[in-house]
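Biologist: I would like to learn how to read the features of a model such as this one, taking them one after another. Could you show me the structure before we begin?

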Amino acid sequence: MTLDLLSIYQDLHAHPELGFQEHRTAGVVVDRLTEIGGITVTTGVGGTGVVGVLENGDGPVVWLRADMDGLPVQERTGLPYASTARATDEDGNEGPTMHACGHDIHVTWLLGTLERLVATRADWSGTVVAVFQPAEEVISGARAMIDDGLVERFPTPTVVLGQHSAPAPVGVVAVGSGAVMASSDRFTVTFNGRGAHGSAPQASLDPIVTAASAVVRLQTIVSREVGPSDAGVVTVGSFHAGTRPNIIPDTAVIEISTRARNEETRAAIIASIERIVRAESEAGGLAAPTIERAPGADVLVNDADQAAVVLEAVRAAVPHAVDMESGLAMASEDVGQLATAAGAPIVYWFTGITDPELFRRGEDIPSNHSPFYAPQADTAIPVGVDALVAAARATLD
């Protein structure tokens, strides 16, 4: 029996789940792996992660990874299978959810790849370890699986492989070597002031004014401290303070996301954030701010030799496989943590999912995390499966 990959994708798209809540998604994965047959399945790895092991004699061990979680985004694609799901995140915020970053198609690609490898197992030898990872969007899922014994409990990889959907035309697959994705860090900064009546600001130590000054000053890190030939991002994506217009609150809270193209710039940006928020607090007469740093992702570095092998294999299988050259993406991923923990090289690449006609007409192309992000699934699924199979077989053969 052949998997209906398009139906699987549409079902996953209609039922997104946030990080560490992917219970239904994991169930779909387990059911499909069972349907394929010949795969040893382990559930609950790192919470909701699933690992499938396909053993086929002696030979290399290839880890293939797909992430499973959705995003807290209200879908606006208008698709007949658009998500209407809602969920509560780790901070207690309830709202709509969507697969706005393609993790639904990542899971579908990996399932289709496993089905193909099982069907052609007479042509290759070795072991495939399929890692269906939770909670990539909060940069926590890879670490959770590692902490749960992923490296110790399953065969050690010769190489770790994976691919990410990209707003490029279907048929384009971009494989790069060296640094291909940026580092990522997240901070929550609480400015600790003193509240007062809105009519008596002199009695307060206003955390809103201090936080607002910090938001402006933080923008100078990239424009005045990161060199023009380098790259970095500092985004203040959340600002929460107060409950009423006539009450000056005790605290103001901002949330910051950063990106950097190398570890030196990453360290410099982090140091600058801490310096600025402390200095602004001191300038406003406030107590020292509370700075919380969430787990982050390192710069993702593809192994040059393995990337060349993958690119050659994918070029033979996909119409428009190209070398990314120096095209580092400022988005981030935690897949590299799997390779680092296992002491293995990694190759992670980007596969187009957008209708090429949209590019020919010059239309705006929705990016990842957009409420309009809608892969052309019927054509993108087979291309992604072909690419992943070719990359795996390049080692397994």
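Biologist: Which helix and strands each supply at least two residues of the lining of the largest cavity?

Modeller: Bear in mind at the outset that this is a predicted model. As for the general idea, rolling a probe the size of a water molecule over the atoms shows where empty space is left. In this case strand 3 (61-67), helix 3 (103-119) and strand 7 (159-169) are the elements that each supply at least two lining residues of the largest cavity, and helix 3 has the largest share, with three residues.

Biologist: How much space lies in the largest cavity, and which residues line it?

Modeller: The largest cavity holds about 40 Å³ of space, and the count of cavities of 30 Å³ or more comes to one. Its lining is made up of Arg65, Ala66, His106, Trp109, Leu110, Gly162, Gln163 and Leu388, which by class gives four nonpolar, three polar and one charged residues.

Biologist: Strand 3 and strand 7 came up in that lining; in what order do the strands of their open sheet stand?

Modeller: Strands of a sheet pair through backbone hydrogen bonds, either parallel or antiparallel. Here eight strands form an open sheet in the order 1-2-6-3-7-18-8-17, and the pairing is mixed. Strand 1 (40-45) and strand 17 (320-323) stand at the edges with a single partner strand each, so one side of each is left without a neighbour in the sheet. On average, and with direction ignored, neighbouring strands of this sheet are turned by 25° against each other.

Biologist: How many bridges join strand 1 and strand 2, and which strands does helix 3 touch?

Modeller: Strand 1 pairs with strand 2 (residues 49-56) in the antiparallel sense over five bridges, and threonine 43 has valine 50 of strand 2 as its bridge partner. Helix 3 packs on this sheet, where it touches strand 2, strand 3, strand 6 (126-133), strand 7 and strand 18 (346-354), and its direction makes about 150° with that of strand 3.

Biologist: What does UniProt list for residues 186-282?

Modeller: The UniProt record, an unreviewed entry, lists residues 186-282 as "domain: Peptidase M20 dimerisation". In the model, this span is 39% helix and 32% strand, and its end C-alpha atoms lie 23 Å apart.

Biologist: What is the order of the open sheet of four strands, and why is one side of strand 12 and of strand 15 left without a neighbour?

Modeller: The four strands follow the order 12-14-10-15, with antiparallel pairing. Strand 12 (232-241) and strand 15 (290-297) stand at the edges and have a single partner strand each, so one side of each lacks a neighbour in the sheet. The twist from one strand to the next averages 15°. Strand 12 pairs with strand 14 (residues 251-260) over nine bridges in the antiparallel sense, and phenylalanine 239 stands opposite isoleucine 254 in strand 14. Helix 8 (residues 263-283) lies across strand 10 (183-192), strand 12, strand 14 and strand 15, and it runs at about 5° to strand 10.

Biologist: Which residues lie nearest the centre of the second largest pocket, and which helix gives the most to its lining?

Modeller: The second largest pocket, with a volume of about 200 Å³, is lined by 15 residues, and Asp298, Val299, Gly336, Gln337 and Thr340 lie nearest its centre. Helix 10 gives the most to this lining, with five residues, while strand 16 (300-302) and helix 10 (335-342) each supply at least two. The residues of this lining divide into eight nonpolar, three polar and four charged.

Key
Residues are numbered from 1 along each chain as its sequence is written. This is a predicted model: local features need pLDDT of at least 70, side-chain atom pairs count only at pLDDT 80 or more; totals for chains, interfaces and linings use all residues. Side-chain values use heavy atoms; hydrogens and water are left out. UniProt positions are given in the numbering used here, feature names are shortened, and annotations may be inferred rather than shown by experiment. On a 1 Å grid over the protein atoms alone, a cavity is a set of points where a 1.4 Å probe fits but cannot get out, and a pocket is an open set with protein on both sides within 12 Å along at least five of seven lines; lining residues have an atom within 4 Å of a point. Grid points are joined across faces, edges and corners, and a volume is the space filled by probe spheres set on the points. Ala, Val, Leu, Ile, Met, Phe, Trp, Tyr, Cys and Pro count as nonpolar, Asp, Glu, Lys and Arg as charged, and the others, Gly among them, as polar. Two strands pair if DSSP finds at least two bridges between them. Axes are lines fitted to C-alpha atoms, for helices over the stretch in contact, and angles run from 0 to 180 degrees between N-to-C directions. Contact means heavy atoms within 4.5 Å.
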